[in-house]
Amino acid sequence: MTEITLRRPDDWHLHLRDGDMLKAVLPFTVRQFSRAIVMPNLVPPVRTAAEAEAYRGRIGAAVPEGADFTPLMTCYLADDTDSDDLIRGHQSGAFTAAKLYPAGATTHSADGVTDIARIDGVLGRMEEAGMPLLVHGETTDPDVDVFDREAVFIDNTLKSMIERFPGLKVVLEHVTTIEGVDFVRAGGENLAATITVHHLMINRGAMFEGGIRPHLYCLPVAKRERHRLALRKAATSGEAKFFLGTDSAPHPVSAKEAARGCAGIFSAPAALELYAQVFDDEDALDKLEAFASLNGPAFYGLAVNEGTLTLKKQEGRVPGDVPVEGGEAVKPFHAGQTLAWTLGHELINGDDCDAC
Ligand code: DOR
Ligand code: ZN
């Protein structure tokens, strides 16, 4: 196959940030995806419907002219989340879903949930309302090895939470392990997972190849090769439970290249092209549309997008560092490297993009 046409895809897990960073990174997502689940871990986080509407407005103002993009907003759950505001926000369309960050699990999660039992009331109302819960599935127990945190969270927290709320729609975000994939497969239709392109492409060894590689550090951290292979199988299986979520998470270069570098991989500039490469390598291009464009909307109960997008097997290049006005650049995943698949004739801010 040298060309593939898909229904326009969506990104079901994205960090857009705010201000100048938002303006710098959003055009990359808009050229590939129609909609995106926008994560709420700003500083301070997006916790109320009014804050989500204000953030949606700032995103809307940063969308390049003439582009068609719908941000789907999420609520950052905390011990004291106001369930009335949350459910009203879901009913009004302010919130598509709510995100559970165990406090301290990852970037900007300090205000997250300290003990899931504290939000049982909120989860019960979400279950009733059919509002999806998006889970950062890692234990915060410092005694648990960082590579085991997903599996331990599933055993110690997620299993019992799902037993308490069997009707709750749950997405295990950025699944990284065999245990995670198996758990999702064994669950009901209301349990699904997103898979990032970086977890499909790198294992934990990649972070140390020839020296420490801070731009490949994210949370959950990449795991052993056998886990990566299981993720590739799941993503390319066509199963309805698995769908695309980049978890593209930009940080300024100096925040990554530091003694204590931030977690996050900025994959937005070439995410879809890299997913296509993975599916091609797995001989599963016929399953890409299900993963990228169909399974997510079906889970969320939304219509699939109108329109299509065509990827061509034609060499391109991932952009180098992306400048941010008044600040420091961000480095894309695979910066400057050759792409096997590219999107035809895409526009970024009205100019032909370097990658096309
Ligand atoms: O690597 C990550 N970066 N994982 C997360 O869970 C958060 C994200 C971020 O916001 O930078
Ligand atoms: Zn994320």
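Biologist: In what order do the three strands of the open sheet that contains β1 come, and is the pairing parallel or antiparallel?

Modeller: In this predicted model, the strands at the two edges are β1 (3-7) and β13 (342-343), each of which pairs on one side only. That leaves β10 between them, in the order β1-β10-β13, and the pairing is antiparallel.

Biologist: Over how many bridges do β1 and β10 pair, and which residue of β10 is the bridge partner of I4?

Modeller: Strand β10 covers residues 308-312 and runs in the antiparallel sense to β1, with five bridges joining the two. Within this pairing, the residue of β10 that serves as bridge partner of I4 is L311.

Biologist: Which helix packs on this sheet by touching β1 and β10, and what angle does its direction make with that of β1?

Modeller: Two helices can be considered here, and helix α10 (residues 271-281) packs on the sheet by touching β10 and β13, with a direction at about 60° to that of β10. The helix touching β1 and β10 is α11 (residues 288-300), and its direction makes an angle with that of β1 of about 25°.

Biologist: Which strands lie at the edges of the eight-stranded open sheet?

Modeller: The eight strands follow the order β2-β3-β4-β5-β6-β7-β8-β9, and their pairing is parallel. From one strand to the next, the twist averages 30°. The strands that pair on one side only, and thus form the edges, are β2 (11-14) and β9 (242-244).

Biologist: How many bridges join β2 to β3, and which residue of β3 does L14 stand opposite?

Modeller: Strand β3 spans residues 35-38 and runs parallel to β2, with two bridges joining them. Opposite L14, the residue in β3 is V38.

Biologist: Which strands does helix α5 touch, and what angle does its direction make with that of β7?

Modeller: Helix α5 (residues 149-164) packs on the eight-stranded sheet, where its contacts are with β6 (133-135), β7 (170-172) and β8 (191-195). Relative to the direction of β7, that of α5 makes an angle of about 170°.

Biologist: At what angle do helices α6 and α8 pack, and how are they described in terms of direction?

Modeller: Helix α6 takes in residues 178-186 and helix α8 residues 225-235, and their axes lie 8 Å apart at an angle of about 30°. Because angles under 35 degrees count as such, α6 is, with respect to α8, roughly parallel.

Biologist: Which residues of α8 are met by α6, and what classes make up the contact?

Modeller: From α6, the residues taking part are I178, E179, V181 and R185, and they meet R226, H227, A230, L231 and A234 in α8. By class, this contact is made up of five nonpolar, one polar and three charged residues.

Biologist: How many cavities of 30 Å³ or more does the structure have, and which residues lie nearest the centre of the largest?

Modeller: A search of the whole structure finds two such cavities, and the largest has a volume of about 130 Å³. Its lining of 18 residues divides into six nonpolar, nine polar and three charged. Nearest the centre of the largest cavity lie H15, T106, L219, D247 and A249.

Biologist: Which element gives the most to the lining of the second largest cavity?

Modeller: The second largest cavity holds about 40 Å³ of space, and its lining includes T176, H199, N203 and K223, as well as H227, R228 and L231. By class, that lining has three nonpolar, four polar and three charged residues. The element that gives the most, with three residues, is α8.

Biologist: Where is the proline whose peptide bond from L219 is cis?

Modeller: The bond from L219 to P220 is cis, with omega near -5°. The bond from V43 to P44 is likewise cis, with omega near -5°, and P44 is found in the loop between β3 and α2 (49-62). P220, for its part, has its place in the loop between α7 (197-201) and α8.

Biologist: What is the phi of H174?

Modeller: H174 has its place in the loop between β7 and α6. Although H174 is not a glycine, its phi is positive, at about 35°.

Key:
Residues numbered from 1 in each chain as written. Chains lettered and ligands numbered in written order. Predicted model: local features only at pLDDT ≥ 70, side-chain atom pairs only at ≥ 80, totals over all residues. Heavy atoms only, no water. Axes fitted to C-alpha atoms, helices over the stretch in contact; angles between N-to-C directions. Helix = DSSP H or I, 4+ residues; strand = E, 2+ residues; numbered from the N terminus. Parallel < 35°, antiparallel > 145°, perpendicular 65-115°, else oblique. Contact = heavy atoms within 4.5 Å. Nonpolar A, V, L, I, M, F, W, Y, C, P; charged D, E, K, R; others polar. 1 Å grid on protein atoms, 1.4 Å probe; cavity = no way out; pocket = protein on both sides within 12 Å on 5 of 7 lines; lining within 4 Å. Points joined across faces, edges and corners; volume = space filled by probe spheres on them. Pairing = 2+ DSSP bridges.
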